[in-house]
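Biologist: Please put the model on screen. I have some questions about its core and a few side chains.

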Amino acid sequence: MRRQGGWLRETEGARSFAIVIGIFEAASINRHVKGEESQRPLTHDLLCQVIDELGGSLEDVVINNLQDHTYYAELRIRHGGKLLRVDSRPSDAIALAVHSRPPLPIYVDDSVLDQCCV
């Protein structure tokens, strides 16, 4: 499987780092950024709809760990007054943030930034 690379950069700062994601996640992000519609919901659209239909609200995503050259992330979903944290691959978390309307914040823990920033 081919992989695509991209850079995440602080909105108010100079730190940035590269993250590699799968070709399918990259295509999903690219399609959504370009405003291209699909005839049927694709995976990330579907997950956003499921969260909404179940009464939840995706608030943001957090890249929260870097271990053995692998990034980890979580989706933070508000449901019934509680904040639920759902383990996620960063590529899927980023795609969901981009697919949400409006696009959601993508946070990165300082411990991750300390390990990977240029």
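Modeller: Some notes on the model come before the questions and answers.

Modeller: This is a predicted model, where local features need pLDDT of at least 70, side-chain atom pairs count only at pLDDT 80 or more, and totals for chains, interfaces and linings use all residues. Residues are numbered from 1 along each chain as its sequence is written, and side-chain values use heavy atoms, without hydrogens and water.

Biologist: Which element gives the largest share of the largest nonpolar core?

Modeller: A nonpolar core is a set of buried Ala, Val, Leu, Ile, Met, Phe, Trp, Tyr and Cys residues joined through side-chain atoms within 4.5 Å. The largest has 25 residues, and Ile 94 is among those with the most contacts inside it. Elements giving two or more residues include strand E2 (16-22) and helix H3 (90-99); helices (H or I, at least four residues) and strands (E, at least two) are DSSP runs, numbered from the N terminus. The largest share, 6 residues, comes from H3.

Biologist: Is Ser 91 buried or exposed?

Modeller: Ser 91 lies in helix H3. Beyond four places in sequence, its contacts (heavy atoms within 4.5 Å) are Ile 21, Glu 25 and Ile 29. Buried means under 20% relative accessible area, exposed over 50%, partly exposed in between (1.4 Å probe, protein chains only). Ser 91 has 7% relative accessibility, so the residue counts as buried.

Biologist: Which side chain does a polar contact of 2.8 Å join to that of Arg 85?

Modeller: Arg 85 sits in strand E5 (residues 82-88). Setting aside neighbours within four places in sequence, Arg 85 is in contact with Glu 74, Leu 75 and Arg 76. A polar contact is a pair of N or O atoms within 3.5 Å; within protein, one must be able to donate a hydrogen and the other to accept it, and residues adjacent in sequence count only if both atoms are side-chain atoms. At 2.8 Å, the partner of Arg 85 is Glu 74.
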